[in-house]
Amino acid sequence: MLDAIDPSVSAWAVTLFAGFGTAVAATAIYALLVRLGYRLIQRRAIAREFLQQCDRAGGVVVFLLALQAVWHASDHGVPWMAALRHINSLCLILALTWAALKAITAIGDVIVRLNPAVEGRHHVARRVETQARFLTRGLTVLVAIIGISAALMTFPSIRQLGTSLLASAGIGGLIIGFAARPVLSNLLAGLQIALSQPFRIEDVLKFKDEWCWVEEVTTTYVVLRTWDLRRLIVPLQWFIENPFENWTRRPTSLMGPVFMWLDYRMPVPPLRAEFERLLKADGAWDELIGTTQVVESGEHAMQIRFLMSANDSIELWHLRCRIREALLDFIQREYPAYLPNVRARVSDTDVPEPTRPPANTTE
């Protein structure tokens, strides 16, 4: 029956049947191995998550690899076989790039999962997460560039064009480098930040008089979350070239003051005792710092500073607000007459006019 069919058509039929049959068989074996792997790591959530992110891309790679093996082993006399091999090679390169990107992302997620932010390890966990996010995003960009370049180099015309451009790439390289300078500078800044760790995810920063939390770090910019839930997008290069405050760089414990202006007649010991009582009753106080001091004396009143500390900036802010409100209530209730007063002296007697010197007279 095959003798009555065109030889080219029969060759195509045999090649396609062999190719897709081999690819389907290889994919089925791969699926069985993946299912066996799921059974073996059923109780290991981290390994299971890694396999879930990579299994689909791996299946596509196995399918295309099997097809490519059959296409290369087939008879060269099959029409359009060279074009089919080229298309399959192109798809295989893209599939390998996709699988590599999924593997890099999965490795970053596994590293973060292996270092949870448990009690006593917040700094270590945030440092590891920041480094993992930076490095995985940098590797993602690098692998994507390599994959796209490899796919384009499969075209002979583009490969010849690239060879000719390499011979005269001096001026072109300078132009491209100058045009890509912002992107490259941000990529290098991201690498420097990942290694030096000036800030980490969820660190508290003071950015241009704005209190912010580091919410997300990408390869070119940082997303900062303000106290009123706004989002600030800042290029990474800004953090390399400008100073900023990091309130959670080393220890998370912070101290903050509450200032009050009171009359000079106000006794300080009752205030100090009330402040200490309020601190001990408040669970946000970390029992490190709690002092009461007269730090300023003006024309009409004295300024008293109540200094306290807490585990982090959020708890410190709320602790200061509660202490300020409770101290005001205590003063209004116990010493209402000692709030700041404006003093003036009223005199009923006329102020004598200044005497003038006698005028010069001529005799």
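Start by colouring the chain by pLDDT, the predictor's confidence in each residue, from 0 to 100. The average for the protein is 76, and 75% of the residues score at least 70. This is a predicted model, in which local features need pLDDT of at least 70 and side-chain atom pairs count only at pLDDT 80 or more, while totals for chains, interfaces and linings use all residues. Residues are numbered from 1 along each chain as its sequence is written, and side-chain values use heavy atoms, with hydrogens and water left out.

Next, select helix H9 (residues 268-281), whose mean pLDDT of 92 is the highest among the elements, and then helix H6 (residues 170-179), which has the lowest at 48. Now pick residues 165-174: here the pLDDT is below 50, and beyond near neighbours in sequence the stretch has zero contacts in the model. A contact means heavy atoms within 4.5 Å.

Zoom out and switch to cartoon view. You should find 10 helices and eight strands; these are DSSP runs numbered from the N terminus, with at least four residues for a helix (H or I) and at least two for a strand (E). Of the contacts with a separation of 6 or more, 67% join residues 24 or more positions apart.

Now for the sheet. Five strands make an open, antiparallel sheet in the order E4-E3-E2-E1-E5. Strands E4 (231-235) and E5 (245-246) each have a single partner strand, so one side of each is left without a neighbour in the sheet. Select E2 (residues 210-217) together with E3 (residues 221-226): five bridges link them in the antiparallel sense. Two strands count as paired if DSSP finds at least two bridges between them. For one such bridge, show Cys212 and its partner in E3, Thr226.

Move on to helix H1 (residues 7-40), where you will meet Leu36. Leu36 is partly exposed, with a relative accessible area of 45%; buried means under 20%, exposed over 50%, and partly exposed in between (1.4 Å probe, protein chains only). Add Ile29, Leu33 and Leu40 to the selection, and together with Leu36 you have a nonpolar surface patch with about 440 Å² of accessible area. Such patches take residues with over 30% relative accessible area and no salt bridge, joining nonpolar side chains (Val, Leu, Ile, Met, Phe, Trp, Tyr) within 5 Å and like charges within 9 Å. A salt bridge is a side-chain nitrogen of Lys or Arg within 4 Å of a carboxyl oxygen of Asp or Glu. The areas come from the Shrake-Rupley method with a 1.4 Å probe; for residues, only the protein chains shown count as cover.

Last stop: Thr136 in helix H4 (residues 122-152). Thr136 is buried, with a relative accessible area of 14%, and touches Ile104 and Gly108, not counting residues up to four places away in sequence.
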